[in-house]
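I opened this one with a fresh page and a cup of coffee. Here are my notes, in the order I looked things up.

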Amino acid sequence: MNENDGTKLKTDMGTDSHLEEGSDVDATQQKTSADDLEIPQPNFLAEINQTLAALQDLFEKQIARNQNQTEMFDKMYAEMKDYKESFLLEVLHKPIIHNLIQLYDSFISIESQLDDILMGKKENALPDELTQYRQNLENFRYKLEEVLYRMDVTPYKDSPETLDRQLHKTRRVISSDDPEQDQKVAEVHKIGFNWRDKVFRPEEVTIFRYTPSAGEPPLNEKGGSANG
């Protein structure tokens with residue numbers, strides 16, 4: 001073996017040694033990189049849970065805020081609607097409705113007078129003419145009711161037989177010795193009217209009021225004797 005061969009051998013050995021050392025370095029670097037990629041799992045899950053809890057709390061607050069805004073909007077809308085209806089009634093409709101109702105009362109009065117005439121003169125020819133006349137007035141009253149209906153005004157359909165202070169206005173009181181007639185409606189003078197299911201004009205009535213005889217105990221609020 002010559003000198004050149006010895007030099008080559010040393011060089012090859014040196015190269016092999018360098019490769020082995022390089023391999024150890026690469027392995028160390030790969031291990032270090034793998035260690036760097038490892039994340040502590042418990043801390044990572046805790047952060048996720050904390051973030052989700054914060055998002056849930058934010059969503060719940062936003063939902064509650066939206067609900068409050070919706071309730072406030074509904075309340076404001078209802079108040080504006082009531083104000084609008086009250087404005088229409090007081091400023092625009094009320095004067096006209098009052099005039100129409102007074103006209104309605106006049107027709108009811110005329111019809112009642114004609115009924116009294118017809119009941120006292122059945123055998124004469126006059127009742128036939130008056131009957132037709134009354135029918136014409138009744139038809140006109142129906143037309144007037146249609147006008148009121150277009151303005152959301154309707155006469156009472158069923159009037160309570162017993163005094164209702166929300167629906168009735170007492171014009172006159174008749175004494176009665178019958179306790180069962182106490183607070184009963186004896187006569188309707190003017191028909192009541194509603195505007196959109198609210199009392200516009202209460203019905204004017206005459207009612208009975210029980211007046212106990214001397215020595216008889218008065219009635220209590222339930223209609224029984226005050227003593228028992």
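Before sorting any lining by type, I fixed my classes: Ala, Val, Leu, Ile, Met, Phe, Trp, Tyr, Cys and Pro count as nonpolar, Asp, Glu, Lys and Arg as charged, and the others, Gly among them, as polar. I also reminded myself that this is a predicted model.

**Entry 1: the pocket**

With those classes in hand, I sorted the lining of the largest pocket and got four nonpolar, three polar and three charged residues. I then wrote down who they are: Tyr104, Asp105, Ile108, Ser109 and Ser112, followed by Glu187, Val188, His189, Lys190 and Ile191. For the volume of the largest pocket I noted about 190 Å³.

Which elements each supply at least two residues of this lining? I found helix H2 (41–120) and strand E3 (185–190). H2 gives the most, with five residues.

**Entry 2: the overall layout**

Next I stepped back to the whole chain. I find three helices and six strands in it, and reading along the sequence gives me α-α-α-β-β-β-β-β-β.

How much of the chain is buried? I noted 17% of the 228 residues. The chain exposes about 17900 Å², and I see that carbon and sulfur atoms supply 53% of that area. I also checked contacts between residues at least 6 apart in sequence: 60% of them join residues at least 24 apart.

**Entry 3: the cores**

I went looking for buried nonpolar groups, since in soluble globular proteins nonpolar side chains tend to be buried together. The largest nonpolar core has 11 residues. I listed them as Ile97, Leu100, Ile101 and Tyr104, then Leu144, Leu148, Met151 and Val153, and finally Phe193, Trp195 and Phe200. H2, helix H3 (126–150) and strand E4 (193–195) are the elements that give two or more residues to this core. H2 gives the most here, with four residues.

I was pleased to meet Tyr104 twice, once in the lining of the largest pocket and once in the largest nonpolar core.

I picked Phe193 from the core and asked which residues it touches beyond its neighbours within four places in sequence. My list has Ile101, Tyr104, Leu148, Val153, Thr154, Pro155 and Tyr156, plus Lys198, Val199, Phe200 and Arg201. I also found a second, separate core of five residues, with Phe107, Leu114, Leu130 and Leu137 among them.

**Entry 4: two positive phi values**

Turning to the backbone, I flagged Gln183, whose phi is near 70°, a positive value in a residue other than glycine. Gln183 sits in the loop between strand E2 (168–176) and E3. Is Gln183 buried, partly exposed or exposed? I count Gln183 as partly exposed because its relative accessibility is 21%, and the cut-off for buried is under 20%.

Asp197 went on the list too, with a positive phi near 65°, and it is not a glycine either. I placed Asp197 in the loop between E4 and strand E5 (198–201). Asp197 has a relative accessible area of 79%, so I class it as exposed, the cut-off being over 50%.

**Entry 5: a proline in a loop**

Where does Pro179 lie? I found Pro179 in the loop between E2 and E3. Its relative accessibility is 39%, so Pro179 counts as partly exposed.

My last lookup was a distance. Pro179 and Thr211 are 32 residues apart in sequence, and I noted 8.0 Å between their C-alpha atoms.

Definitions and conventions:
Residues are numbered from 1 along each chain as its sequence is written. This is a predicted model: local features need pLDDT of at least 70, side-chain atom pairs count only at pLDDT 80 or more; totals for chains, interfaces and linings use all residues. Side-chain values use heavy atoms; hydrogens and water are left out. On a 1 Å grid over the protein atoms alone, a cavity is a set of points where a 1.4 Å probe fits but cannot get out, and a pocket is an open set with protein on both sides within 12 Å along at least five of seven lines; lining residues have an atom within 4 Å of a point. Grid points are joined across faces, edges and corners, and a volume is the space filled by probe spheres set on the points. A nonpolar core is a set of buried Ala, Val, Leu, Ile, Met, Phe, Trp, Tyr and Cys residues joined through side-chain atoms within 4.5 Å. Buried means under 20% relative accessible area, exposed over 50%, partly exposed in between (1.4 Å probe, protein chains only). Contact means heavy atoms within 4.5 Å. Accessible areas come from the Shrake-Rupley method with a 1.4 Å probe; for residues, only the protein chains shown count as cover.
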